[in-house]
Structures are given as C-alpha cells and as structure tokens.
Amino acid sequence: MRTQVAIIGAGPAGLALSHMLHRLGVASIVLETRSRAVVEATIRAGVLEQGTIDILADIGAGERMQREGSRHEGTILRHDGRDLRIDLAGLTGGKTVMVYPQHDVLKDLVAARLATGGDIRFEVSDVRVRDIDSDAPRVSYRDPDGQPRTIQADFVAGCDGSQGVCRPLVLESHPKVHEHIYPYAWLGILCHGPPSSRELIYARGATGFALVSTRSAQVQRMYLQCDPLDKTEHWSDDRIWSEFHARLRTHEGWTLREGEIFSKTVVGMRSVVVESMRSGRLFLAGDAAHIVPPTGAKGLNLAISDVFILARAFGRFYNDGSADQLDAYSATALARVWRAQRFSWWMTSLLHVAPGAGELQQKLQHAELDYLARSRSARAVLAENYVGLPLDFPVDQGL
Ligand code: RFL
Ligand code: PHB
C-alpha cells in the first residue's frame with residue numbers, strides 16, 4: 001500500500017491534517033490504535049479559539065459546531081470573592097471563543113473525512129515507523145485481525161499524542177526536550193444539571209484553583225486543583241461540592257448549581273516542548289510535540305494550528321515542488337508553541353496555590369490580579385492570548 005503522507009493518530013491533529021491534505025489534493029492514510037467509538041467518547045478539551053473555529057469551518061467540519069457550540073464573548077476571573085470579567089470580544093475587536101467539546105469535534109472530523117472518501121484505519125496495533133532518514137519511509141502495523149501490513153509513504157506525520165511512538169523516534173536524533181511538572185493537578189468532574197454561569201469562571205480560591213466550565217445545557221464540566229498523587233477515591237461528592245463552594249465563594253450574588261456527578265478524573269499538569277518537531281521525513285504535530293497545562297485551554301488549538309502550518313507546507317511541496325516550508329516547519333510551529341506555553345504557564349501560575357508557597361507568592365498573585373482589574377491593557381493582553389494569537393500568516397489566506 002502506498003500513500004503520500006502516512007498519519008499516525010486520529011486525534012484532532014491527525015484528523016484535521018488528513019482533511020487539509022485532501023483539500024490540497026494530497027493523499028493520506030490515518031492509523032489509529034483505538035476504536036472509533038472510544039475516540040469519539042473520550043472527554044477532554046472544551047474551548048476552541050477563533051482561529052480553530054475558522055479552520056474547522058473552512059475544512060467543512062464546522063457546521064454542527066456553529067449550530068450547537070456556545071460562543072463566549074467573555075470569561076471571568078474570580079478572586080477574593082470578586083469577579084473580574086474579561087471582555088474578550090470588546091478587547092480583541094470582536095473575537096470570541098467557542099465552548100464545544102473535543103469529542104464532538106472528533107465526531108465531526110471523522111464523519112466529514114469518511115464522507116469525502118478518507119482512509120482512517122481504527123484499531124490497528126504494533127505501529128512502527130521506519131526509515132525516516134530515507135526518501136521512502138514505511139509504517140508497519142497489524143490490522144484489527146492481527147494481519148501484518150505496511151504502508152510506503154513520502155512522509156510520516158506523528159500525530160499520536162504524548163504517549164505515541166513518534167516522539168521517541170524524533171528524540172533519538174534530536175534529544176532536546178524542555179519539561180516542567182507543576183506541583184498540582186486537576187480533578188475534573190462531569191455532572192448533570194444546568195450551567196451555573198453563562199461564562200467560564202476561573203477562580204483563585206484560598207485553598208486552590210477552581211474552574212466552572214460547561215459541556216451543554218444538561219451537562220457541566222468543572223475542575224478543582226488537587227494534589228498530583230490524589231486518587232478520585234479520595235474525593236467524595238460531598239468533599240467536591242464543599243471545595244467548589246469554598247473556592248467559588250463570591251459577594252456578587254451568584255450561586256453554584258450542584259448536580260449528580262457521573263465522572264471524576266485526575267489530570268496532571270506539565271509544560272513540555274520537544275525542541276525539534278521534525279526528524280528526517282517524520283514531522284510531529286500536537287501533543288506528540290508539546291503539552292501545555294490546561295489552564296489556558298490551548299492544547300487542542302495548538303494541535304490544529306500545527307497541522308495547518310504542516311498541511312500548507314505539504315501543499316507547497318506537492319503543488320510547487322518546493323521544500324522550503326517543510327524545512328521551516330519546526331521553527332515556524334515552535335515559535336507559536338512557545339507563545340502558547342508562556343500564556344498557559346502564566347495563567348496557571350496566576351491562579352493556583354502552589355503547595356508550600358509563601359506569602360510573597362500570594363502577594364504577587366494578588367498584585368497581578370489587581371493590575372488586571374485596573375489596567376485595560378493588561379486585560380487586553382490576556383484576552384488576545386485567550387482567544388488565540390494569530391498565525392504568522394493569515395488563515396484567510398487559506399491553505
Ligand atoms: P491526541 O488527542 O492525544 O490524539 C492522539 C491520537 O493518537 C492515537 N495513538 C496512536 N495511533 C496509532 N499508533 C500509535 N502508536 C498511537 N499512539 C497513540 C491515540 O489513541 C489518539 O487517538 O493528540 P492531538 O491530536 O495532538 O490533540 C491534542 C489534544 O487532544 C489535547 O491537547 C487537548 O485535549 C488538551 N486540552 C485542552 N485543549 C484545548 O485546546 N482547550 C481545552 O479546553 C483543553 N482542555 C485538555 C483540556 C486536556 C485535558 N486532559 C485530559 C489532558 C482539558 C483536559 C482535562
Ligand atoms: C474544559 O471545559 O474542559 C476546559 C475549559 C477551559 C480550560 C480547560 C478545560 O481552560
């Protein structure tokens with residue numbers, strides 16, 4: 001079997017890349033270890049930047065998102081019982097974010113790709129990428145019946161997340177990786193019930209961070225800062241609600257709506273950047289190349305912007321015969337990745353209570369929040385990062 005680009009991983013990065021390549025007339029095959037049902041049911045991100053919204057619409061996977069997603073024109077920082085609204089739209093000339101769950105993005109991407117004749121192979125195993133330093137890399141794997149298969153490709157796109165096989169391959173030749181592990185984690189819950197707020201609330205409570213997000217009119221997503229070694233068994237429903245009430249306490253006449261909790265997970269927090277996103281004919285994109293702590297809501301959005309840059313570079317290679325953009329890919333994508341890392345680290349440090357942190361740290365956080373409250377420019381910086389910094393070239397310039 002031959003193709004032009006073999007894509008490893010059917011997460012947001014791999015699926016969106018396959019769509020973009022299709023639009024550019026470039027053939028691809030996507031290999032995924034999990035089943036379609038599991039891929040489409042994994043609960044992760046929720047916030048889409050303006051650029052991501054535009055790209056999903058542009059590749060024909062945005063119709064349901066536009067109908068069912070919820071546009072947020074602002075977001076709230078809560079601290080010391082007071083709310084500071086960040087007027088995203090007003091501070092950015094009308095840009096907003098969309099709250100639309102990642103698993104729905106994946107459903108839409110899979111359906112739209114299959115409708116255009118896409119080749120997505122679920123439930124494969126034993127995926128191995130070979131000969132990336134030659135002009136003819138190969139990917140071997142076993143199909144769901146255990147039969148060995150091989151794909152010959154011109155290039156391989158490693159979109160297989162932080163636990164995949166592609167990142168270690170790149171690190172063999174470019175062993176530089178930057179990593180910071182935060183001394184706290186998030187306990188994420190899903191509960192039945194109506195939203196407590198029209199906009200997301202990021203709260204710095206005295207005992208730690210809390211986030212009020214949403215999934216739909218009937219399902220709510222919320223997070224609490226917890227210890228990285230915490231187990232969900234340590235968190236009874238009563239303990240969860242009493243921490244939310246304490247951390248979200250406000251003088252502004254707001255009440256938290258409780259509901260039946262049906263999912264609890266602990267999510268670790270790391271900043272990771274693999275310093276080269278390419279080795280030979282293997283290109284990394286998304287979580288395979290970098291991880292951001294979730295506070296800035298950037299992970300999925302970075303995955304989409306990486307593959308936008310990469311698809312454009314493949315398009316140039318196949319349509320104009322020039323490898324210049326492929327050669328620039330790692331540097332171009334990393335510049336944006338570092339900007340998002342900076343913002344995610346800043347939002348995280350601003351709102352969490354680090355264990356053992358002294359009064360100095362607390363005073364600095366207060367000063368920063370106070371500055372945000374007083375300075376429109378400071379809020380504008382937050383807003384322009386939250387809705388997503390522009391790509392180095394305009395999206396409307398297309399692929
Ligand atoms: P994914 O989604 O991990 O997809 C990788 C896919 O590759 C498959 N795979 C393999 N396939 C073939 N062969 C192999 N050897 C393979 N190994 C793995 C996997 O099964 C999987 O299907 O990576 P991708 O595409 O780079 O997408 C990244 C995003 O999923 C991630 O960054 C976000 O979910 C992060 N994130 C958020 N991002 C946002 O932009 N906004 C948010 O609001 C947001 N909230 C979050 C988040 C992540 C969270 N968790 C659980 C870490 C909230 C949370 C709680
Ligand atoms: C989510 O809804 O899962 C979510 C929202 C905002 C974040 C992170 C996660 O910053």
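In the predicted model, an oxygen atom of ligand 2 lies 2.9 Å from a polar backbone atom of proline 294, a polar contact being a pair of N or O atoms within 3.5 Å. Side-chain N or O atoms approach ligand 2 as well: an oxygen atom of the ligand is 2.6 Å from tyrosine 223, and another pair places arginine 215 at 2.8 Å from a ligand oxygen. Of the 280 Å² that ligand 2 exposes when taken alone, the protein buries 96% (Shrake-Rupley accessible areas, 1.4 Å probe). The surrounding shell holds 14 residues, each with a heavy atom within 4 Å of the ligand. β16 (208–214) and β17 each supply at least two of its residues (strands are DSSP E runs of at least two residues; helices are H or I runs of at least four).

Ligand 1 is surrounded by 31 residues, with Glu32, Arg34, Gln102, Asp287 and Leu300 the closest. Its oxygen atoms lie 2.9 Å from a backbone N or O atom of alanine 13 and 2.9 Å from a side-chain N or O atom of arginine 34. Alone, ligand 1 exposes 1,100 Å², of which 87% is buried by the protein. Two or more shell residues come from each of α1 (12–23), β17 (219–226) and α9 (299–320); α9 gives the most, with four.

Residues are numbered from 1 along each chain as written, chains are lettered from A and ligands numbered from 1 in the order written. Local features of this predicted model need pLDDT of at least 70, side-chain atom pairs count only at pLDDT 80 or more, and totals for chains, interfaces and linings use all residues, while side-chain values use heavy atoms, without hydrogens and water.

Key
A polar contact is a pair of N or O atoms within 3.5 Å; within protein, one must be able to donate a hydrogen and the other to accept it, and residues adjacent in sequence count only if both atoms are side-chain atoms.
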